[in-house]
Amino acid sequence: MERSLVDRLSDNGYLSAADCERVEREMAGYASVAECLIELGVLEEAELRRAIGRITSAPAIDLVGKTVEPGVLALVGAALARKLRCLPLFMNESQGRRVLFLGLEDPAGRAPIDEVARLTGFEVEPVVVGSLQLAASLDRFYPASMLDLAAGAPLIANDSTPDTPVSGRDAALV
């Protein structure tokens, strides 16, 4: 059975017993444990992102100012990205391997990774992203106006702001 994020953070010294109790009491009003921890001021988003990265041995990245190529966004439709709370970041194809790097707030749960791998045919490598940054990025890259409501896929995946692209060689790991 998968251990909760609160338990893993507590076991690794990031949360006190009082923090754990507070989060358990207040959790009902939040989309995720990570969002609850941040909004209650228990941990800052960057601190939580780095902690989850250390615990899961996954790289962690800051999404501020990053863009994602339209072809990468098209690999995971908006409805699925929102349902799984994930964001395709970049892909790498070399030596016969096709790898999709997938932003998740907590990659310990394998279900989103397995689902995206099954649907795309890519190997999926998790990358830890902040909960609030993930929510903002989903809204930015998959806005409601771009959804094909019948298929749940983006009609167009384009962002006109001149931001820094997320790629295998220049993703800012923190």
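**Cavity, pocket and packing in the predicted model**

Helix 4 supplies four residues to the lining of the largest cavity, the largest share of that lining. The model examined here is predicted, and a single cavity of 30 Å³ or more is found in the structure. The volume of the largest cavity is about 40 Å³. Its lining consists of Ala34, Ile38, Glu45, Leu48, Arg49, Ile52, Glu105, Val129, Gly130 and Ser131. At least two of these residues come from helix 3 (33–39), and at least two from helix 4 (45–56). In terms of residue class, five lining residues are nonpolar, two are polar and three are charged.

An open space was also identified. The largest pocket has a volume of about 300 Å³. Its lining comprises 18 residues, of which Leu84, Glu105, Asp106, Gly109 and Pro112 are the closest to the pocket centre. Helix 1 (5–11), helix 3 and helix 6 (78–84) are the elements that contribute two or more residues to this lining. The lining of the largest pocket is made up of eight nonpolar, three polar and seven charged residues. Glu105 is thus found in the lining of the largest cavity and among the residues closest to the centre of the largest pocket. Helix 3 likewise contributes to the lining of the cavity and to that of the pocket.

The chain as a whole contains eight helices and seven strands. Of its 174 residues, 45% are buried. Among contacts in the chain with a separation of 6 or more, 63% are between residues 24 or more positions apart.

Two residues of helix 8 were examined individually. Leu138 is located in this helix, which spans residues 131–141. Because its relative accessibility is 4%, Leu138 counts as buried. When neighbours within four places in sequence are set aside, the contacts of Leu138 are Ala81, Arg82, Arg85, Cys86, Leu87 and Pro143. Between Leu138 and Ala81 the sequence separation is 57 residues, while their C-alpha atoms are 7.5 Å apart in space. Ser137 also belongs to helix 8. With a relative accessible area of 7%, Ser137 falls under the 20% limit and is therefore classed as buried. Outside the four places on either side of it in sequence, Ser137 is in contact with Leu63, Leu87 and Tyr142. Leu87 accordingly appears among the contacts of Leu138 and among those of Ser137.

Aromatic side chains were considered next. One aromatic pair is found in a search of the whole structure. This pair is formed by Phe90 and Phe101, whose rings are stacked, with a centre-to-centre distance of 4.4 Å and an angle of 20° between the planes. The two residues are eleven positions apart and link distant parts of the chain, Phe90 lying in strand 2 (residues 86–94) and Phe101 in strand 3 (residues 97–104). Both Phe90 and Phe101 are buried. A charged side chain is also placed over an aromatic ring: Arg98 lies over the face of Phe122, at 4.0 Å from the centre of the ring.

Definitions and conventions. Residues numbered from 1 in each chain as written. Predicted model: local features only at pLDDT ≥ 70, side-chain atom pairs only at ≥ 80, totals over all residues. Heavy atoms only, no water. 1 Å grid on protein atoms, 1.4 Å probe; cavity = no way out; pocket = protein on both sides within 12 Å on 5 of 7 lines; lining within 4 Å. Points joined across faces, edges and corners; volume = space filled by probe spheres on them. Nonpolar A, V, L, I, M, F, W, Y, C, P; charged D, E, K, R; others polar. Buried < 20%, exposed > 50% of the residue type's maximum accessible area, 1.4 Å probe, protein only. Contact = heavy atoms within 4.5 Å. Phe/Tyr/Trp six-rings, centres within 6.5 Å; stacked < 30°, edge-to-face > 60°. Lys NZ or Arg CZ within 6 Å of the ring centre and 35° of its normal.
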